[in-house]
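Visitor: Please take a close look at one end of this chain. I should like to know what surrounds it and how that neighbourhood relates to the rest of the fold.

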Amino acid sequence: MRTALAIARKELSIYFTTPWAYAVFTAMAALTAFYFTDLLQGFNEVQAVARRVGWSQMSPDFNMYRNLTDGVVVELWGSVLVITLVVTPFLSMRLFAEEKRNRTFELLMTAPVRPIEIVLGKYLGGLGVITATLGLTLVFPLLLSVFGRAESGLALEWSTVLLGYGALLLWGATCMAVGLFISALTESQMLAAFLTFCTLLAWMLLGQLARRADEPLRSALAYVACDLQLQGMIKGVMELQSLVFFASVIVFSLFLTHRTVEAQRWA
């Protein structure tokens, strides 16, 4: 495990000494800020109408706008899920592909390091940078907590906010595991990013297919659709099924990566 941590530290140092990670950080912050501003504007508009006509006259579809947590933060986390799908491939693409392109992969394979340590080290490095990237999004609920108001006294329901943020971290960790596996298959970073994005996008679109499908296909698709699995946690409901599901995907992706690296070691 000590070797894996050393590899993780090396990966993190590479991320934070190159402009690429900071470009991704900027993109994440800018896109999240755009959605946050748009959601906050929509929330204020609905609140203004409700103050004028009363909530009893409003459609039940607008009940989510009664508080900042459901009306802004929960919706924001849903948008960040999609943004994470976009930015993670650009963070994971270099983990193995860059080693192969620079011809340092062969040196790594001949070092007295086990393939599992290489895989875990690179994954932990990627996990660290995606955690830092998603950490930027906590700025927005903090702003609402400082400047927002609510009849109950607290602007936000922090248990819901933090559980939703936990769902983002779980999704980010899963995306990184999938991206790590695909990066191990090629020496082209852009191809690795493209294939990772297509894989994650197709996975997310399963939720849309599930809503249109008939039983029993609907139940099967709903179980494997990532957005439907995360829906409860995003709204502040802890679901053990989702934790087990994504943990299984992460472990399976790391297993496939390990087998790929091991096969290339003896190729």
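**The end of the last helix and its surroundings**

Guide: Q264 is partly exposed, because its relative accessible area is 26%, and partly exposed covers values between the 20% limit for buried and the 50% limit for exposed. All that follows describes a predicted model. Q264 belongs to helix α12, which comprises residues 240-265.

What does Q264 touch, leaving out residues up to four places away in sequence? Its contacts are K100, F105 and A184. The pairing with A184 joins positions that are 80 residues apart in sequence, yet their C-alpha atoms are separated by 9.4 Å in space.

A263 is likewise found in helix α12. With a relative accessibility of 47%, A263 counts as partly exposed, since that value falls between 20% and 50%. From A263 to P115 the C-alpha distance is 9.7 Å, across 148 residues of sequence. Such pairings fit a wider pattern in the chain: of the contacts between residues at least 6 apart in sequence, 75% join residues at least 24 apart.

K100, one of the contacts of Q264, also leads to T186, which touches A97, K100, L191 and A192 when residues up to four places away in sequence are not counted. T186 sits in the loop between α8 and α9, the latter being residues 189-212. Is T186 buried or exposed? Its relative accessibility is 12%, and T186 therefore counts as buried, the limit being under 20%. Its side chain also makes a polar contact, reaching the backbone nitrogen of S188 at 3.1 Å.

The path continues from that loop into helix α9, where Q189 is placed. Q189 is buried, because its relative accessible area is 14%. Apart from neighbours within four places in sequence, Q189 is in contact with M93, R94, A97, E98 and R101. A97 is thus a partner of Q189 and of T186. UniProt, in an unreviewed entry, places the feature "transmembrane region" at several spans, including residues 76-97, 191-210 and 240-257. Over residues 191-210 the chain is 100% helix and 0% strand, with 29 Å between the end C-alpha atoms. Residues 76-97 are 95% helix and 0% strand, and their end C-alpha atoms lie 33 Å apart.

Helix α3, at residues 68-92, can be followed from here. Its 25 residues reach 34 Å from first to last C-alpha, close to the 36 Å expected at 1.5 Å a residue. Even so, α3 has a kink of about 30 degrees at V86, shortly before the proline P89. At the start of the helix, a side-chain oxygen of N67 comes to within 3.2 Å of the backbone nitrogen of T69. α3 is mostly covered, with 19 of its 25 residues buried.

The residue W77 connects this description to the interior. Among the 67 residues of the largest nonpolar core, W77 and W171 touch the most other members. Helix α8, residues 158-183, supplies the largest share of this core, namely 14 residues. Counting no residues up to four places away in sequence, W77 touches T137, L138, P141, V161, G164, Y165, L168 and I234.

I234, one of those contacts of W77, is also among the buried residues of α11, together with C226, D227, Q229, L230, G232 and M233. Why is α11 described as largely enclosed by the rest of the structure? The reason is that seven of the nine residues of this helix, residues 226-234, are buried. Just after α11, G236 adopts a positive phi of about 95 degrees.

For the setting as a whole, the chain contains 12 helices and zero strands. Of its 267 residues, 45% count as buried. Along its principal axes, the C-alpha trace spans about 70 × 45 × 30 Å. Within that frame, the requested end may be read as a series of contacts: Q264 touches K100, K100 is a contact of T186, and A97, another contact of T186, is in contact with Q189 of the neighbouring list.

Note on methods:
Residues are numbered from 1 along each chain as its sequence is written. Side-chain values use heavy atoms; hydrogens and water are left out. Helices (H or I, at least four residues) and strands (E, at least two) are DSSP runs, numbered from the N terminus. The expected span of a helix is 1.5 Å times one less than its number of residues. The bend at a residue is the angle between axes fitted to the seven residues ending there and the seven starting there. Buried means under 20% relative accessible area, exposed over 50%, partly exposed in between (1.4 Å probe, protein chains only). A polar contact is a pair of N or O atoms within 3.5 Å; within protein, one must be able to donate a hydrogen and the other to accept it, and residues adjacent in sequence count only if both atoms are side-chain atoms. A nonpolar core is a set of buried Ala, Val, Leu, Ile, Met, Phe, Trp, Tyr and Cys residues joined through side-chain atoms within 4.5 Å. Contact means heavy atoms within 4.5 Å. UniProt positions are given in the numbering used here, feature names are shortened, and annotations may be inferred rather than shown by experiment.
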